[in-house]
Amino acid sequence: MLAALLAGLLSQQLCRRLHIPSVPWRHLWIALIAKATAQTTETLGIPHLPGLDIDVLVSIFVAVAISRSIVWLVLELLPKLRLLPSSPKILRDLLFIMGSGLLVALTLQEQSSIDLVGLVTTSAVLTAVLGLAAQDPLKDLVGGLSLQLERVIREGDWIEIEGQIGRVASISWRDTELNCLYGSRLTLPHASTNSKSIRNFTSNGAYATPIQIGLDYSMPPHIAKAMMQQISRHHPLVLNDPACVVRVKSFAESSVNYEWLNWIDDYGKIRTIRSDLQEQLWYALQREGFSFPFSVRDVRLSKPTPEQRTKAQKSKAQLQDSTVELLQNNHLFSILSNDQLTRLIQTSSICSYGPGEIIAVEHETGDSLFMLIQGQVSIIKSNSKQQVTEIATLQSGDICGEMTVFTDAPRSATIRSQSQSDILEIHRQAIAELIEAEPVLFDRFSQLISERQSRLEDFELQKQTTPASRRDAVTLMKELFRQLLT
């Protein structure tokens, strides 16, 4: 018996590794136990209850095991191997019950000479009792068959029934079980399910999740739409086809209300996607000087306390000192004096990015480079098959995009923020003003960029750039900054 149990457990593990339906070893094991028990009882001469036929009982267990094994082989294993078309689970359960009942009836008729069909048909009382008892189960059975044969819902679908949203865990002959959004398990009898409206989020392909956004009247609609569309394009879970839709929905008392539609292919990630998009929109609005409006009923003018002003000034000074220190330790800007670094920071901008936001996009043009002050930023690149690979992670003080600033080359990779990150964005014009004030800086920058280009040419990544980006860096710098300084 122990060997049979171990063999059943091993077969179950093997089926999981091969990704095929598990062998119904429990039915076979129970039948084997019944057979061994009958033989032991007979061998040892152990008395049993009067009127109890052990052989008939064993035959019933064997009939059930044979029926379950046939259903597993024909309706589960062969469809998994794509040798037969798949069938609904409720149909498999129904055939198992009918097959088991038929085999049990034949066994009882053969071994005990019991005519079950005649007994049921000739007994009016028994027929009435069975009919009344089977009324509700038959409703559930017919309802389950209707749901699965018409493919209204399937296991794994995200659906909504009676205001409850969940993923279909299983569909039996009696009920449907849902794994709801917050971890609960909901059981719905088929008799009641068929009389309710069912909303399926999976069977029709991509699903559009709407987000209602209210923005300030000072923000032009075309800027708001472009900002939300850009956030959607850069989110890895939002589909690009169909494209997101942003439209003005209404004009409220204190905001312009927008409807923001994003298409997804997995409803289970809808809450994560909504949270990410709204969080990234907040950071984008802050960088552009806008914010979410709110209704104001009582306006009170107040001035910050001296402690608040001192704290804000101290925080700003610490951030500037930290930025100056990072620039001093960077190979590209270490040649600048403290006054030049301070002037560079004043003419640049410090921006905050949220997790998952795109800072720069591969192959796009630009006029700025970026230095990470604090946070975590990754450099990612796509290949010809549009597969994205992370090729580097930036640390505080690291810069990227210098070739774009000094040679006007397109971005060679995409820059994505992995956490809340503070970025110093240095524009080409700010560097041009430093060179105009002290022309000797041009020769120093040219030498550093030429060395940088030589190192990049050793990598395969640089060989995939456009021909223009492979031109002499110093020549490109001269042409570019001559235009800015004239």
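**Note on a predicted model: sheets, a helix and a pocket**

1. Start with a strand pair. Strand 1 (residues 158-161) and strand 2 (residues 164-171) run antiparallel and are joined by four bridges. Within this pair, Ile159 stands opposite Gly166 of strand 2. Keep in mind that the model is predicted.

2. Now the sheet around that pair. It is an open sheet of five strands, with antiparallel pairing and the order 4-3-2-1-5. Strand 4 (185-189) and strand 5 (198-200) are its edges; each has a single partner strand, so one side of each is left without a neighbour in the sheet. On average, neighbouring strands here are turned by 40° against each other, direction ignored.

3. Another open sheet has four strands. Their order is 10-15-12-13, and the pairing is antiparallel. At the edges are strand 10 (358-360) and strand 13 (388-394), each of which pairs on one side only. From one strand to the next, the twist averages 35°.

4. Look at one edge of the four-stranded sheet. Strand 12 (residues 377-382) runs antiparallel to strand 13, and six bridges join the two. One residue pair to find by eye: Ser382 has Val388 in strand 13 as its bridge partner.

5. Helix 2 covers residues 25-44, which makes 20 residues. From its first C-alpha to its last it reaches 28 Å, close to the 28 Å expected at 1.5 Å a residue. Which residues of helix 2 are buried? They are Trp25, Ala31, Ala34, Ala38 and Thr41. After the helix comes Gly45, with a positive phi near 70°.

6. Next, the second largest pocket. Its volume is about 620 Å³. The lining has 26 residues; nearest the centre lie Gln230, Arg287, Tyr353, Ile358 and Ile359. By class, twelve lining residues are nonpolar, seven are polar and seven are charged.

7. Where does the lining of this pocket come from? Two helices and four strands each supply at least two residues: helix 9 (221-234), helix 10 (270-287), strand 9 (349-353), strand 10, strand 11 (368-374) and strand 16 (421-427). Helix 9 gives the largest share, six residues.

8. One link between the points above deserves a look. Strand 10 is an edge strand of the four-stranded sheet, and strand 10 also supplies at least two residues to the lining of the second largest pocket. Ile358 and Ile359 are among the residues nearest the centre of that pocket, and strand 10 spans 358-360.

Conventions
Residues numbered from 1 in each chain as written. Predicted model: local features only at pLDDT ≥ 70, side-chain atom pairs only at ≥ 80, totals over all residues. Heavy atoms only, no water. Pairing = 2+ DSSP bridges. Axes fitted to C-alpha atoms, helices over the stretch in contact; angles between N-to-C directions. 1 Å grid on protein atoms, 1.4 Å probe; cavity = no way out; pocket = protein on both sides within 12 Å on 5 of 7 lines; lining within 4 Å. Points joined across faces, edges and corners; volume = space filled by probe spheres on them. Nonpolar A, V, L, I, M, F, W, Y, C, P; charged D, E, K, R; others polar. Expected span 1.5 Å × (residues − 1). Buried < 20%, exposed > 50% of the residue type's maximum accessible area, 1.4 Å probe, protein only.
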